[in-house]
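The following exercises are to be worked with the sequence and the model at hand. Each task is followed by a solution in steps.

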Amino acid sequence: MTGNHRNSSITRRRALAVTGGTVAAGGLAVTGYQSAFADTTDTAEATATASATSTGACMTLMSSVTEGPYYLDGALVRKDITEGKSGVPLTLRLTVVDATDGCTPVKGAAVEIWHCDAWGYYSGYTTANPGGSAPAESEDGSTANDNTYLRGYQIANANGVVTFETIFPGWYTPRTCHIHVKVHTGGEKEDGTYEGGTVNYTGQLFFDDTIAEEIFALEPYSRHSGSYTALDDDMVYDGGGASSGLLTLKAVHKADPSRGYKGSLSLAVDPDAENTGAGSGGGGTPPSGAPSGEPPSGAPSESASPSASASS
């Protein structure tokens, strides 16, 4: 799987910047969950983007890395990708900008993310052993669709901003905690997913070891035991900090990590370089017979709320 799409045209020079978001606790009531994910930072993000643009400056180009063995085509366009998966909720606010034009926001760019659940399982690959000792993926008690959970696209607004509601990812051997990300341009939303265009960037987002270990001591993460791979020992993260995808994280409540984190990162790519997803680093070998192509019928829609996803 290369990550390329049928239409390889690029209509303008584009890039990606990632900014922080809001987080809620895994055990909160639905009203609390929705409140924690309230859209409250658009003004601040627009101001920050305007400031970067006015200086004519832009961030360092990000390091492109492998898409890994767990990528699937046909992810849904939606804000909430949890589908009822348990864990400490995490909101990512990602801002797409043109790195070659003073970080000008890129309206309409498609940002795609995917990551494992609290025990290290990916949708579409739930038979893959995450390493160490973990319950079977089916034991998490959710009604998530095994081919679509924790995967999705969002289309950038006029400020270049997209928002995802998800959970803090777990880990699997031999990788550290991470989220995969792609930036697509030149395509369009069709049949609930994103079709055509070009992949401009493939990368991964990483988490500070101290914060990750705090999260992994909580339920349901603590039911996965074994040797967690630290950042310095990861096969993909190259130690470059923000330019290598290391997120800046801020606790929603300093005394209670279960309340979640806000994550932020500025990310820029070469908008003229079509990215194959080969990158550097590895990530393990997926099981044979993995699904591909369009999402299955009955998959949760982009309009599904956190409560609807959990009960559908």
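**Exercise 1. Determine the strand order of the open four-stranded sheet and identify its edge strands.**

Step 1. The order of the four strands in this open sheet is E6-E5-E8-E9, and the pairing is antiparallel. Strands (E, at least two residues) and helices (H or I, at least four) are DSSP runs numbered from the N terminus, and two strands pair if DSSP finds at least two bridges between them.

Step 2. Strand E6 (151-155) and strand E9 (193-206) each pair on one side only, which makes them the edge strands.

Step 3. On average, neighbouring strands of this sheet are turned by 25 degrees against each other, direction ignored. The axes are lines fitted to C-alpha atoms (for helices over the stretch in contact), with angles from 0 to 180 degrees between N-to-C directions.

Step 4. Five bridges pair strand E5 (residues 110-114) with E6 in the antiparallel sense; Ala110, for example, has Ile155 of E6 as its bridge partner.

The model is predicted: local features need pLDDT of at least 70 and side-chain atom pairs count only at pLDDT 80 or more, whereas totals for chains, interfaces and linings use all residues. Residues are numbered from 1 along each chain as its sequence is written, and side-chain values use heavy atoms, with hydrogens and water left out.

**Exercise 2. Establish whether the residues of strand E7 are buried or exposed, and name the partner of Thr91 in E7.**

Step 1. Seven of the seven residues of strand E7 (residues 161-167) are buried, so E7 is largely enclosed by the rest of the structure. Buried means under 20% relative accessible area, exposed over 50%, and partly exposed in between (1.4 Å probe, protein chains only).

Step 2. Burial applies to both faces: Val161, Thr163, Glu165 and Ile167 lie on one side, and Val162, Phe164 and Thr166 on the other.

Step 3. E7 runs antiparallel to strand E2 (residues 89-95), to which seven bridges join it. Within this pairing, Thr91 has Glu165 as its bridge partner.

**Exercise 3. Explain which parts of the chain are tied together by the salt bridges of Lys182 and Arg175.**

Step 1. The structure holds seven salt bridges, each defined as a side-chain nitrogen of Lys or Arg within 4 Å of a carboxyl oxygen of Asp or Glu.

Step 2. In the salt bridge between Lys182 and Glu67, the closest N and O atoms are 2.9 Å apart. Lys182 belongs to strand E8 (residues 178-190) and Glu67 to the loop between helix H2 (42-55) and E2, so the pair ties together parts 115 residues apart in sequence. Lys182 is buried at a relative accessible area of 0%, and Glu67 counts as buried at 4%.

Step 3. Arg175 and Asp234 meet through their side chains in a salt bridge of 2.8 Å, N to O. Because Arg175 lies in the loop between E7 and E8 and Asp234 in the loop between helix H3 (209-216) and strand E10 (248-251), the pair ties together parts that are 59 residues apart in sequence. Arg175 counts as buried at 0% relative accessibility, as does Asp234 at 7%.

**Exercise 4. Locate the buried residues of H3 around its axis and state what they pack against.**

Step 1. The buried residues in H3 are Asp209, Ile211, Ala212, Ile215 and Phe216.

Step 2. These residues cover an arc of only 165 degrees around the axis, which puts them on the same side of H3. The arc is that of the directions from the helix axis to the C-beta atoms.

Step 3. The buried residues of H3 pack against E10 and strand E11 (261-264), contact meaning heavy atoms within 4.5 Å.
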